[in-house]
Amino acid sequence: MATVNDNYLKLKAGYLFPEIARRVNAFAQANPDAKIIRLGIGDVTEPLPEACRTAMIQAVEEMGDRTTFRGYGPEQGYAWLREKIAAQDFQARGAEIDASEIFISDGSKCDTGNILEIFGHNNTIAVTDPVYPVYVDTNVMAGNTGVANDQGEFEGLVYLPISAENNFTAEIPSQKVDLIYLCFPNNPTGATATKEYLKAWVDYAKANNSIIFFDAAYEAYITDPALPHSIYEIAGARECAIEFRSFSKNAGFTGTRCALTVVPKSLTAKAADNSDVELWKLWNRRQSTKFNGVSYIVQRGAEAVYSPEGQTQIKALVGFYLDNAKIIREKLSAAGLAVYGGVNAPYVWVKTPNGLSSWEFFDKLLQTVNVVGTPGSGFGAAGEGYFRISAFNSRENVEEAMQRITKM
């Protein structure tokens, strides 16, 4: 008889965003005339930059000519894209990352889950609370946890609480952990990390032979020149960190799919016999076996991000969403709500008013003013009493949503 992976059964509730969609769809069906404004999931709304579209159109034309047609590409990604990423995203900021250490993929969300395949099941794993749900759920699916308690915390994970009291930046744990998830600019709170703060984590990881999974999907939203965009701007990070990035939030590739993971060749972990194993080799083997690469057309679109025109266009696109975040932050603050984030990040983290729970506030916004956000409790137990509002929408919708909420 066929059996299932019982670890999936530990996930009692549906994934956060499908549950939001279910509630919104039910409300929309019952209220067909309601104009719903969605500021929930982090999906972009503005068109792809012209430079990317032009490059992709040219690539499609190339695929129609036998002399320029391309079939299977390199699983790690085309060298011409990886070289531009290495030069402009890392080396230009003083980070010693070589093109050979970059792996092009179809999403940083995918990679943060898939990376677990090259690690053993006996690692102690630390996550912040609240946290991007993918980090937790993929560890549950992989069998790295026990069951969840009444607060939704899974046995076997080390939860590092983040709150207004610690500026939504977790304290370095007193105990030894092996794998550490860090996300800056942070999803969901919008918090950022200084070089000094990341240096403390790098020092901890090196002292404890730990590996940091550094999610930098929102690094393009950093406008403060003092803040690092990459953990590899910190000395020693090549020996203890894997970084994940995406073209989704800077260039609007959420529906086009292109991202990257950096695995330095100097990064090692222990095998069962206590020998050192290069993680680059394991990740390369995993990708070569289970992944056929991102399409040539999409990679040409991503390459255009690094052209002078592309850089100007994505800067304008990111600036547009940051202006949305500023409007959200200022309007809600003026209305008397406690707000965080929204600076150097596209998310605003709001304290729910009048003692409402996260889901109660979600339902109130949906049913009263037809605005959708994300309940903070969906990101973890410490997210209860908070609410995430995304800046990814049109200016018209953002302004109208703020008018509705502030009137309420």
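Which residues does UniProt list for "binding site" in this predicted model? The unreviewed entry names Tyr-15, Gly-42, Lys-109, Tyr-132, Asn-187, Asn-292 and Arg-388. The close-ups below take up some of these positions and the elements around them.

**View 1. Two residues from the UniProt "binding site" list, Lys-109 and Tyr-132.** Lys-109 sits in helix H4, residues 108-114. Its relative accessible area is 40%, so Lys-109 is partly exposed. Tyr-132 belongs to the loop that joins strand E3 (125-129) to helix H5 (133-141). Tyr-132 has a relative accessible area of 14% and is therefore buried, the cut-off being under 20%.

**View 2. The annotated domain, residues 35-405.** The label in the unreviewed UniProt entry reads "domain: Aminotransferase class I/classII large". Helix makes up 35% of the span and strand 16%. The C-alpha atoms at the two ends of the span are 14 Å apart.

**View 3. Helix H1 against helix H11.** Two packed helices are described by the angle between their axes and the distance between the axes. Here the axes of H1 (residues 16-30) and H11 (residues 358-369) come within 11 Å. They cross at roughly 35 degrees. The crossing of H1 past H11 is right-handed. H1 contributes Leu-16, Glu-19, Ile-20, Arg-23, Val-24 and Phe-27. H11 answers with Trp-359, Phe-362, Asp-363, Leu-366 and Gln-367. Seven residues of this contact are nonpolar, one is polar and three are charged. An α-helix has 3.6 residues a turn, so residues three or four places apart point the same way.

**View 4. Helix H3 against helix H9.** H3 covers residues 79-90 and H9 covers residues 296-303. Their axes come within 10 Å and cross at roughly 25 degrees. Angles under 35 degrees count as roughly parallel, so H3 and H9 are roughly parallel to each other. H3 passes H9 in a left-handed crossing. From H3, the residues in contact are Trp-80, Leu-81 and Lys-84. From H9, they are Tyr-296, Gln-299, Arg-300, Ala-302 and Glu-303. The contact holds four nonpolar, one polar and three charged residues.

**View 5. The covering of H9.** How many of the eight residues of H9 are buried? Seven are, and the helix is mostly covered. The buried set is Tyr-296, Val-298, Gln-299, Arg-300, Gly-301, Ala-302 and Glu-303. Helices H2 and H3 and strand E2 (102-105) are among the elements that cover them. Glu-61 lies in H2, residues 50-63. Glu-61 has a relative accessible area of 54%, so it is exposed. Glu-61 and Ile-297 are 236 residues apart in sequence. In space, their C-alpha atoms are 9.6 Å apart.

**View 6. Helix H5 and its surroundings.** Eight of the nine residues of H5 are buried, so the helix is largely enclosed by the rest of the structure. They are Pro-133, Val-134, Tyr-135, Val-136, Asp-137, Thr-138, Asn-139 and Val-140. Helices H1 and H4 pack against these residues. So do four strands: E3, E4 (157-161), E5 (179-183) and E6 (211-215). Just after H5, Gly-143 has a positive phi of about 85 degrees.

**View 7. Two cis peptide bonds in the loop between E5 and H6.** Most residues other than glycine have a negative phi, and most peptide bonds are trans. The bond from Phe-184 to Pro-185 is cis, with omega near -15 degrees. Pro-185 lies in the loop between E5 and helix H6 (195-208). The bond from Asn-187 to Pro-188 is also cis, with omega near 25 degrees. Pro-188 is found in the loop between E5 and H6 too. Asn-187 is on the UniProt "binding site" list, from an unreviewed entry.

**View 8. Positive phi at Asn-167 and Asn-274.** Asn-167 is not a glycine, yet its phi is positive, about 55 degrees. It sits in the loop between E4 and E5. Is Asn-167 buried or exposed? Its relative accessibility is 59%, so Asn-167 counts as exposed. Asn-274, also not a glycine, has a positive phi of about 75 degrees. Its loop runs between strand E9 (268-270) and strand E10 (276-278). At 55% relative accessibility, Asn-274 is exposed as well.

Definitions and conventions
Residues are numbered from 1 along each chain as its sequence is written. This is a predicted model: local features need pLDDT of at least 70, side-chain atom pairs count only at pLDDT 80 or more; totals for chains, interfaces and linings use all residues. Side-chain values use heavy atoms; hydrogens and water are left out. Axes are lines fitted to C-alpha atoms, for helices over the stretch in contact, and angles run from 0 to 180 degrees between N-to-C directions. A crossing is left-handed if the near helix is turned anticlockwise from the far one by less than a right angle, and right-handed if clockwise. Contact means heavy atoms within 4.5 Å. Ala, Val, Leu, Ile, Met, Phe, Trp, Tyr, Cys and Pro count as nonpolar, Asp, Glu, Lys and Arg as charged, and the others, Gly among them, as polar. Angles under 35 degrees count as roughly parallel, over 145 as roughly antiparallel, 65 to 115 as roughly perpendicular and the rest as oblique. UniProt positions are given in the numbering used here, feature names are shortened, and annotations may be inferred rather than shown by experiment. Buried means under 20% relative accessible area, exposed over 50%, partly exposed in between (1.4 Å probe, protein chains only).
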